[in-house]
Amino acid sequence: MTAKIDDIIENFDLLDEWDDRYRYLIELGRKLPPLTDAERSEDAKVRGCMSQVWLVGGQQADGAMHFNGDSDSTLVKGLIALLMVMVNDQSPQKILA
């Protein structure tokens, strides 16, 4: 995913209807790289969600965080994409700030 949070905010501002915003989120989710079968493990599964959700990743050698995820729900998958745009390749300190 190459989207930037400022671009996403701008696009949301242009969309007046919630239906259009939902479709935009779904489109973001469709751009996520697929998880491998091994990444769809029980350890990567997010507990407590009504949908099936998997998140994998963590801190890289340079200290930046990087995650990938998937869901059986297209809307939740879009929310995962939005989260990843906000946190991927950021330091833990910057994410917390």
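Reader: How many residues does helix α2 have, and what does it reach from its first C-alpha to its last?
Author: This is a predicted model, and in it helix α2 runs over residues 18-30. That makes 13 residues, for which 18 Å is expected at 1.5 Å a residue. The helix comes close to that, reaching 18 Å.

Reader: Which helices do the buried residues of α2 pack against?
Author: Start with who is buried in α2: Arg21, Tyr24, Leu25, Ile26, Leu28 and Gly29. Packing here involves two other helices, one of them covering residues 74-87. The buried residues of α2 pack against α1 and α3.

Reader: Is Asn11 buried, partly exposed or exposed?
Author: Asn11 belongs to helix α1, which spans residues 5-14. Its relative accessible area is 28%. Buried would need under 20% and exposed over 50%, so Asn11 counts as partly exposed.

Reader: What distance separates the C-alpha atoms of Asn11 and Tyr22?
Author: Along the chain, the two are 11 residues apart. In space, their C-alpha atoms are separated by 12 Å.

Reader: And Asn68, is that one buried or exposed?
Author: Asn68 sits in strand β2, residues 65-71. Its relative accessible area comes to 12%. The cut-off for buried is under 20%, so Asn68 is buried.

Reader: Which residue's backbone oxygen lies 3.3 Å from a polar atom of the Asn68 side chain?
Author: Leaving out residues up to four places away in sequence, Asn68 touches Leu32, Pro33, Pro34, Leu35, Trp54, Leu55, Val56 and Met84. One of these has its backbone oxygen 3.3 Å from a polar atom of the Asn68 side chain, and that residue is Pro33.

Key:
Residues numbered from 1 in each chain as written. Predicted model: local features only at pLDDT ≥ 70, side-chain atom pairs only at ≥ 80, totals over all residues. Heavy atoms only, no water. Helix = DSSP H or I, 4+ residues; strand = E, 2+ residues; numbered from the N terminus. Buried < 20%, exposed > 50% of the residue type's maximum accessible area, 1.4 Å probe, protein only. Polar contact = N/O pair within 3.5 Å; in protein donor to acceptor, adjacent residues only side chain to side chain. Contact = heavy atoms within 4.5 Å. Expected span 1.5 Å × (residues − 1).
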